[in-house]
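Please look over the sequence and the fold of this protein. A short report follows, one topic at a time.

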Amino acid sequence: MTIHALLALLADGEIHSGQSIASALGVSRTAVWKQIKRVQAEGYEVEKIRGHGYRLVKSIDFLSGPRILAGLPPQISDRILLQIFSETDSTNTEVSRMLVAAEPGQIPVCMANRQSAGRGRHGRVWQSPGDDNIYLSLGCRLAGGYSALDGLSLVVGVSLVEALRALEVPHLALKWPNDLLLNGAKLAGVLIELRGELEGAVQVVVGVGLNVHMQGQQDIDQTWTSLAQACPERRWVRNEIAAGLITALTANIDAFAERGFGAFREAWQSLDVFSGCAVSSSSGELSGIGRGVDDAGNYLIEGSGGIEAVRAGELSLRAAS
């Protein structure tokens, strides 16, 4: 019996007797008691109700592989290899490992309740508190070499918006190259990692971090929000959100492999938070008016010398002050 299995039983916040837990998990009452102590040591508040059993004082929005797969269309669920961890170093790293053994057409997906070494662009740390958010990575192999993948991160952004709009999340926008905003604050980020040959098949890992329940977190150097903060009247369920994300990502990556970024350019332009605004590079070396993206996903800035295209790997943009 693992902590993960015990928490899955207690996640509903209801009272569960020691005997019912032992029977469900196939262990002794003594083993249940020992795992209860471990769960408490992890910071979960478990109440012992004499003569009745145990319950979590605060219910958990628990990640469940079967529930996520049940929320996928059959044509997608049949292709998904899903692993869920209570904690891992990085879901991107796990998917890279899964891709090695994946058969053609299979799509490895990894989720974790907590990451010990989550990362963002340029080696930045991605804060990954437990029980609060979605940390999801998806892997695939795409043909055509690195040049054929131009604009893929923007397609991922469009996919996130589609999934959340299906859940009636309002006021979404995209910040080039890979941030999803809600009411102007960062809701999610994307990290894409590539491995392969310049002109051959490329191993692609798409990592998504999406704030769901998070209410307070230190050491984040930008304005952020979560679904729970922005839409507190809603009951947010991570399994439902994850199923929507996997569905949109899988469908749109398939379409991207066939048609390229040009098929998504108009959708991305309609979500561009910088469109028509004064922008500058993070280094301050480039400034002008945001004019969207070209068919390769490069950002277009209109300055005094005309329009200049900027690649995602070269710099980040911000609204000019």
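## Two crossing helices

In this predicted model, helix α1 (residues 3–10) and helix α3 (residues 29–41) cross at roughly 85 degrees, with their axes within 10 Å. An angle from 65 to 115 degrees counts as roughly perpendicular, so α1 is roughly perpendicular to α3.

Which residues make the contact? From α1 come I3, L6, L7 and L10; from α3 come Q35, I36, R38 and V39. By class, the contact of α1 with α3 has six nonpolar residues, one polar and one charged.

## The β1–β2 hairpin

Strand β1 spans residues 46–49 and strand β2 spans residues 53–56. The two pair in the antiparallel sense, over four bridges. Within this pairing, E47 stands opposite R55 of β2.

Three residues separate β1 from β2 in the hairpin. G51 sits in the turn and has a positive phi of about 85 degrees.

## The seven-stranded sheet

Seven strands build an open sheet with mixed pairing. Their order is β3-β4-β5-β9-β8-β7-β6. The edges are β3 (80–85) and β6 (172–175). Each has a single partner strand, so one side of each is left without a neighbour in the sheet. From one strand to the next, the twist averages 20 degrees.

Strands β8 (residues 185–196) and β9 (residues 202–210) run antiparallel and are joined by nine bridges. One pair to find on screen: L194 has V204 in β9 as its bridge partner.

## Helices on the sheet

Helix α7 (residues 152–165) lies across five strands of the list β5 (134–142), β6, β7 (179–182), β8 and β9. Its direction is at about 135 degrees to β8.

Helix α9 (residues 238–259) also packs on the sheet. The strands touched by α9 are β3, β4 (107–112), β5 and β9. The directions of α9 and β5 make an angle of about 20 degrees. Angles under 35 degrees count as roughly parallel, so α9 is roughly parallel to β5.

## The second largest pocket

How much space lies in the second largest pocket? The volume is about 620 Å³. The pocket is lined by 24 residues. Closest to its centre are A11, S59, I60, D61 and F62.

What is the lining like by class? The second largest pocket has 10 nonpolar, six polar and eight charged residues in its lining.

Methods
Residues numbered from 1 in each chain as written. Predicted model: local features only at pLDDT ≥ 70, side-chain atom pairs only at ≥ 80, totals over all residues. Heavy atoms only, no water. 1 Å grid on protein atoms, 1.4 Å probe; cavity = no way out; pocket = protein on both sides within 12 Å on 5 of 7 lines; lining within 4 Å. Points joined across faces, edges and corners; volume = space filled by probe spheres on them. Nonpolar A, V, L, I, M, F, W, Y, C, P; charged D, E, K, R; others polar. Pairing = 2+ DSSP bridges. Axes fitted to C-alpha atoms, helices over the stretch in contact; angles between N-to-C directions. Contact = heavy atoms within 4.5 Å. Parallel < 35°, antiparallel > 145°, perpendicular 65-115°, else oblique.
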